[in-house]
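Biologist: I've got a fresh model open and I'm still finding my way around. Could we go through it together, one question at a time?

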Amino acid sequence: MTGSATLSWSMPLIGGCEGARETAVDQERALERFLAGIEKRAYRIAKLSLRDHDDALDVVQDAMISLVRKYAGHPEQQWRPLFYRILRNRITDYQRHRRVRRGVIAWWPGTAGDEQPPDPIESAPDPAGAPEQELEGEQLLERIGQALLALSSRQREAFMLRNFEGLDVAQTAIAMGCSEGSVKTHYFRAVQLLQREIGEWQT
Amino acid sequence: MADMTDHRQDFERKSRQAFEESVAALDGETRSRLARVRQNALAEARRGFRPSLSTWVPIGAAAAATVLAIALWSGGPGPQATEPALAALEEFDIVMAGDDLDMMDEDPAFYAWAVEEITDGVG
């Protein structure tokens, strides 16, 4: 092999390695931008589902780690529905774990009264010193949150993803792992039930 | 019927607005914790970071292109010399196939080995 062949052999690889490094850096920046844009909304949705501040932060972090580890290579436009799918799964895991834990505690003699479900009022941010507008928004959402608890989990998911997060039907179907027809049905039913529950907003 | 639709849309708008206001009104401590959560997630991913498809494809493509360049430069004296180049192109096609994207994300070590095999085959 001559020098020119050596040169032509080495240059593409060097260029390729540098290009790969730049691609990885760009990807990490894109991921950080995406996560920064979604974290507050994801926290709100998680807290509405779990009714606990620390648990909500935990599931958001878990979902972020899973997305970065497993799906960073997917097209960027898929990140949002994929992230919410992961978040939904984590929330379901937490809820299942809580049910099991309460069942064990209730069964274990002498401990039935020790563990109480988290108080949504206690876990809400301290309103002392908060502007009146902030408090009102919090109270409104708290009311919706209470009403959401009366829905099935699928109805609740469909409503939060479609209405709060603004995912379209196709994206919501990916996040929920169901058909688009199911998303529409769950969402329509959720809106009906919530309207009935929060009656004064109908006027 | 129109009234019901209006009520539904009004309800949807108000509930969305309440959610947006609650997001905007998140307290400073929660925002800070979320920022830390984000940084933890990115750091965790970096610790176990293996380059994803978007990193390996350029490497695989460069390796396959190199093999082809060498095979063509050498003048292709016979079937034996061109076979590795053709095999490398087939590997390249496999690497580029969209069907295997998920597998590539889950097993980049396999594709690193595959790239190595392509370049070693040129010998």
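Biologist: How many helices and how many strands are there in chain A?
Modeller: Keep in mind that this is a predicted model. Going from the N terminus, the elements of chain A read α-α-α-α-α-α-α-α. So the count for chain A is eight helices and zero strands, as the helix runs show.

Biologist: Among contacts in chain A between residues at least 6 apart in sequence, what share joins residues at least 24 apart?
Modeller: Chain A has 203 residues, and 43% of them are buried. For contacts between residues at least 6 apart in sequence, the share that joins residues at least 24 apart is 63%.

Biologist: Which residues touch the most other members of the largest nonpolar core?
Modeller: As background, nonpolar side chains in soluble globular proteins tend to be buried together. The largest nonpolar core here has 60 residues, and the two that touch the most other members are Phe83(A) and Tyr84(A).

Biologist: And which helix gives the largest share of this core?
Modeller: That helix covers residues 3–50 of chain A and supplies 11 residues of the core. Tyr84(A) touches Ile38(A), Arg41(A), Ala42(A) and Ile45(A), among others. The helix with the largest share is H1 of chain A.

Biologist: Is helix H6 of chain A enclosed by the rest of the structure or open, and why?
Modeller: The buried residues of H6(A) include Phe159(A), Met160(A), Leu161(A) and Phe164(A). Nine of the 12 residues of H6(A) are buried, so this helix is largely enclosed.

Biologist: How far apart are the end C-alpha atoms of H6(A)?
Modeller: H6(A) has 12 residues, and at 1.5 Å a residue it should span 16 Å. The model agrees with that, because the end C-alpha atoms are 15 Å apart.

Biologist: Which residue follows H6(A) and has a positive phi?
Modeller: Its phi is near 80°. The residue after H6(A) is Gly166(A).

Biologist: Which residue other than glycine has a positive phi, near 60°?
Modeller: This one lies in the loop between H1 and helix H2 (53–71) of chain A. Its relative accessibility is 11%, so it counts as buried. The residue is Arg51(A).

Biologist: Thr172(A) sits in helix H7 of chain A. Is Thr172(A) buried or exposed?
Modeller: Leaving aside neighbours within four places in sequence, Thr172(A) is in contact with Leu161(A), Arg162(A), Leu167(A) and Val183(A). Its relative accessibility is 0%, so Thr172(A) counts as buried.

Biologist: Now for charges. Which residue forms a salt bridge with Arg41(A), the closest N and O atoms being 3.0 Å apart?
Modeller: The partner lies in helix H1 of chain B while Arg41(A) lies in helix H1 of chain A, so the pair joins two chains. Arg41(A) counts as buried at 15% relative accessibility, and its partner is partly exposed at 35%. That partner is Glu20(B).

Biologist: Which residues are joined with Arg41(A) and Glu20(B) into one network by salt bridges that share partners?
Modeller: Salt bridges number 13 over all chains. Those that share partners tie Arg41(A) and Glu20(B) to Arg80(A) and Glu165(A).

Biologist: How many residues apart are Arg88(A) and Glu157(A)?
Modeller: Arg88(A) and Glu157(A) form a salt bridge, with the closest N and O atoms 2.7 Å apart. Both residues are buried. Arg88(A) is in helix H3 and Glu157(A) in helix H6 of chain A, so to speak distant parts of the chain: they are 69 residues apart.

Biologist: Over in chain B, where do the buried residues of helix H2 fall?
Modeller: The buried residues of H2(B) include Leu34(B), Val37(B), Ala41(B) and Leu42(B). Seen down the axis, the buried residues of H2(B) fall within an arc of 125°, so they line one face of the helix.

Biologist: Which residue caps the N-terminal end of H2(B)?
Modeller: On the other side of H2(B), Glu29(B) is exposed. A side-chain oxygen of the capping residue lies 3.2 Å from the backbone nitrogen of Glu29(B), and the cap is Asp27(B).

How values were computed:
Residues numbered from 1 in each chain as written. Chains lettered and ligands numbered in written order. Predicted model: local features only at pLDDT ≥ 70, side-chain atom pairs only at ≥ 80, totals over all residues. Heavy atoms only, no water. Buried < 20%, exposed > 50% of the residue type's maximum accessible area, 1.4 Å probe, protein only. Helix = DSSP H or I, 4+ residues; strand = E, 2+ residues; numbered from the N terminus. Arc of directions from axis to C-beta. Polar contact = N/O pair within 3.5 Å; in protein donor to acceptor, adjacent residues only side chain to side chain. Contact = heavy atoms within 4.5 Å. Core = buried A, V, L, I, M, F, W, Y, C linked by side-chain atoms within 4.5 Å. Salt bridge = Lys/Arg side-chain N within 4 Å of Asp/Glu carboxyl O. Expected span 1.5 Å × (residues − 1).
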